Amino acid sequence: MFVSRMDSGREAGGGVAAGTVLMRFVWPHGGRSVLITGSFNGWGELVAMAPVEGCPRVFQAICSITPGYHLYKFYVDGEWRYDEHQSWVTSEYGLVNTLLFPMDANCNPTMGSELHANMELDNEHFRRVGTLNEVSPTISEADVQASRHRISVFLSTQTAYELLPKSGKVVALDVDLPVKQAFHILYEQGVPMAPLWDFSRGQFVGVLSALDFILILRELGNHGSNLTEEELDTHTIAAWKEGKAYLNRQFDGHGRAVTRQLIHAGPFDNLKEVALKILRNDVCTVPIIHSSSDDGSFPQLLHLASLSGILKCIFRYFRHVSGSLSVLQLPICSIPLGTWVPKIGESNGRPLAMLRPSASLSAALNLLIHAQVSSIPIVDDNDSLVDIYCRSDITALAKDRVYTHINLNEMTIHQALQLGQDSFYPYELRSQRCQMCLRSDSLFKVMERFANPGVRQVIIVEAGSKRVEGIVTLSDIFRFLLG
């Protein structure tokens, strides 16, 4: 079913009643006789739909409706039908389609967020879209659990093999490599992290990530540090990991440093198990490792699984029947999702971290570590979104060995981001960095944003001004969907 607003001043048979608008309802699935009825006419009249000229399988009807939340259903060739490709719910009339039309009759209900992909939009239009919150449909806890159950069942029936690309490469590093060399390899290969291989043990033992380099750079900038720039040429990844364990006070019963064990999965593990491993262990990726021997020797690294890849599987499966999952139709402002800027007089257990472009790179790195976030919105003096600084942006400092001759307290975030813009990131398209949405966007629309390559977070902004209102991450999405 496709819906579009007709001019409220247009005549249709008679005049248009005060406070109503004309809506064009469409049934695109064929039939000989198609009629429609719904809450907009009190379910008291079947309105005949006429074939569209040149499209005999497409039927349309123009009806007068009042603003608000409406249910409707089609009567096709003597049978009650609903359009499964549009939003639908279960009601006292069985399975019916739904329509949400805002109180302001000047607002197009189908415009929503489709028109703001580049965010170059009129603020007055989005002020009106904001009124959707006042009439947003609510669903029962039973419907929420039903939607979650369907997604959980789907993930439980799909294995990690579904994530493997048809072709590609996975970069792994030997633990005996010098840290400096590893830093440059990640930059040159365009990857933000890599599994670690221990040749002496014949197994993968961990992951080197952008966070490691952030900690290393902070150590280099710490006058009391035992790690010097010259030592990076000989300081191995294994030595760094052991030193990191000491810093984090990870010891065994004999007082020896114990590094964190590798969190990994097998190709036959289901996607729900993989997603839960990522969430419970607070990691960005899980290596998919396969060994044909019972003792786990000769392991093969197949892929690096992430929430992004799992979400794409969900999106591909449910994108054409998203209306059957009522929870996906809810605006994100109506569900417990993401981190939001608190309103005046409102408390917030976890404040949203933001910085100005003029803030030091040191301030950004400290915030990434202490706030335990993967990205920070960069805003102007009006808190309007300018850019975003991510953990992975640290690898840009490997270009021309910039990290060897900068002061983290003197380099600004703006200057650091300029380095990144001059660099080439195969794993992250620059145009995809600042994906934005509105608080009135549906959960499904936000999931569409995450389906784009390289997107790890979506910034919630105020229409027109781009003032930051919140942020949604992939982890937020999965914690909500998996309950």
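**Exercise 1. Which residue of β21 does Ile460 stand opposite?**

Solution. The structure is a predicted model, in which local features need pLDDT of at least 70, side-chain atom pairs count only at pLDDT 80 or more, and totals for chains, interfaces and linings use all residues. Residues are numbered from 1 along each chain as its sequence is written, and side-chain values use heavy atoms, with hydrogens and water left out.

Step 1. Strands (E, at least two residues) and helices (H or I, at least four) are DSSP runs, numbered from the N terminus. Strand β20 covers residues 457-461 and strand β21 covers residues 468-473.

Step 2. The two strands run antiparallel and are joined by 5 bridges; two strands pair if DSSP finds at least two bridges between them.

Step 3. Ile460 stands opposite Gly470 in β21.

Step 4. β20 and β21 form a hairpin with 6 residues between them, and Gly464 in the turn has a positive phi of about 80°.

**Exercise 2. State the strand order of the sheet and identify its edges.**

Solution. Step 1. The sheet is open, has 4 strands and follows the order β16-β21-β20-β19, with mixed pairing.

Step 2. β16 (339-340) and β19 (436-437) each have a single partner strand, so they stand at the edges and one side of each is left without a neighbour in the sheet.

Step 3. β16 pairs with β21 in the antiparallel sense over 2 bridges. Within this pairing, Trp340 has Gly470 of β21 as its bridge partner.

Step 4. Regarding burial (buried means under 20% relative accessible area, exposed over 50%, partly exposed in between, with a 1.4 Å probe and protein chains only), 6 of the 6 residues of β21 are buried.

**Exercise 3. Describe how helices α10 and α11 pack on each other.**

Solution. Step 1. Two packed helices are described by the angle between their axes and the distance between the axes. Axes are lines fitted to C-alpha atoms, for helices over the stretch in contact, and angles run from 0 to 180 degrees between N-to-C directions.

Step 2. For α10 and α11 the angle is about 135° and the axes are 11 Å apart.

Step 3. Angles under 35 degrees count as roughly parallel, over 145 as roughly antiparallel, 65 to 115 as roughly perpendicular and the rest as oblique. α10 and α11 are therefore oblique to each other.

Step 4. The residues that meet are Leu443, Val446, Met447 and Phe450 in α10, and Leu474, Ile477, Phe480 and Leu481 in α11; contact means heavy atoms within 4.5 Å.

Step 5. The residues of this contact divide into 8 nonpolar, no polar and no charged. Here Ala, Val, Leu, Ile, Met, Phe, Trp, Tyr, Cys and Pro count as nonpolar, Asp, Glu, Lys and Arg as charged, and the others, Gly among them, as polar.

**Exercise 4. Why is α11 described as largely enclosed by the rest of the structure?**

Solution. Step 1. Helix α11 (residues 474-481) lies across β16 and β21, running at about 70° to β21.

Step 2. In α11, Leu474, Asp476, Ile477, Phe478, Phe480 and Leu481 are buried.

Step 3. Because 6 of the 8 residues of α11 are buried, the helix is largely enclosed by the rest of the structure.

Step 4. The covering elements include α2 (141-156), α6 (271-280), α7, β16, α10 and β21.

Step 5. Just after α11, Gly483 takes a positive phi of about 70°.

**Exercise 5. Is Ser362 buried or exposed?**

Solution. Step 1. Ser362 belongs to helix α8 (residues 361-370).

Step 2. Its relative accessible area is 13%, so Ser362 is buried.

Step 3. Not counting residues up to four places away in sequence, Ser362 touches Leu408 and Asn409.
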